[in-house]
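Q: Could you take me on a close look at the sheet in this model? I would like to know how its strands are ordered and what packs around them.

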Amino acid sequence: MYKKIMVPVDLAHADKLGLALDTAAKLAKTYSAPVTYVGVTSSAPGPLGHNPAEYEKKLADFIATQASTHGIETYGKTIVSHDPAVDLDNALIKAVDETGSDLVVMATHIPNVADHFWPSNGGRLATHTKASVFLVRG
């Protein structure tokens, strides 16, 4: 049913992604589909690396852990953005197309007041890509 799964990851909040990561891994096993973990970072130094190469190394380590923990085929994609907070939706939309993903599994939060004014990342992906979007509340 699904051929390629994409999972956006925020390494700064990796501890809150457990349920979404487990869900993606179970779907990957069920459909024999590889999972591409996508991280968006800035070219400016930050807590996850002094440069995109350091960030990419941390993402690669994270992906290797997912592969060994769940026994699934994994890939990674790092996207460098001038302002990840502003560019996140467009970066993820582009990543869906570039990876050929037909399912996106992503962590989300319980909606709050701000969600009535700003569209959710998952909602943007669902309305601007051909992929199915599975939102997982942790």
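A: Happy to; here is a walk through the sheet, and then through what lies against it.

First, a word on the source: this is a predicted model, in which local features need pLDDT of at least 70 and side-chain atom pairs count only at pLDDT 80 or more, while totals for chains, interfaces and linings use all residues. Residues are numbered from 1 along each chain as its sequence is written, and side-chain values use heavy atoms, with hydrogens and water left out.

**The sheet**

Five strands make up an open sheet with parallel pairing, in the order 3-2-1-4-5. Strands (E, at least two residues) and helices (H or I, at least four) are DSSP runs, numbered from the N terminus, and two strands pair if DSSP finds at least two bridges between them. The edges are held by strand 3 and strand 5 (132-137); each has a single partner strand, so one side of each has no neighbour in the sheet. From one strand to the next, the twist averages 25°. Such angles run from 0 to 180 degrees between N-to-C directions, with axes that are lines fitted to C-alpha atoms, for helices over the stretch in contact.

Now for the pairs themselves. Strand 1 is joined to strand 2 by four bridges, and P8 has V38 of strand 2 as its bridge partner. Two bridges link strand 1 with strand 4; here I5 is partnered by L103 of strand 4. Between strand 4 and strand 5 there are six bridges, with L135 of strand 5 as the bridge partner of M106.

**Helix 1 and the core it shares**

Helix 1 packs on the sheet, where it touches strand 1, strand 2, strand 4 and strand 5, and its direction makes about 160° with that of strand 4. L27 is a good residue to click on in this helix. Its relative accessibility is 16%, so L27 counts as buried; the cut-offs are under 20% relative accessible area for buried and over 50% for exposed, with partly exposed in between (1.4 Å probe, protein chains only). Leaving aside neighbours within four places in sequence, L27 is in contact (heavy atoms within 4.5 Å) with I5, L103, V105 and F134. L27 and I5 are 22 residues apart along the chain, and their C-alpha atoms are separated by 8.4 Å.

The largest nonpolar core has 23 residues, of which I5, V7, V9, Y37, F62 and V105 touch the most other members. A nonpolar core is a set of buried Ala, Val, Leu, Ile, Met, Phe, Trp, Tyr and Cys residues joined through side-chain atoms within 4.5 Å. Two or more residues each come from strand 1 (5-8), helix 1 (18-31), strand 2 (35-42), helix 2 (52-70) and strand 4 (103-108). Helix 1 gives the largest share, six residues. Apart from this core lies another, of 13 residues, including I79, I93, V96 and M106.

**Helix 3**

In helix 3, the buried residues are D89, A91, L92, I93, A95, V96 and T99. Among the elements that cover them are strand 1, strand 2, strand 3 (74-81), strand 4 and helix 4 (121-128). Just after helix 3, G100 has a positive phi of about 70°.
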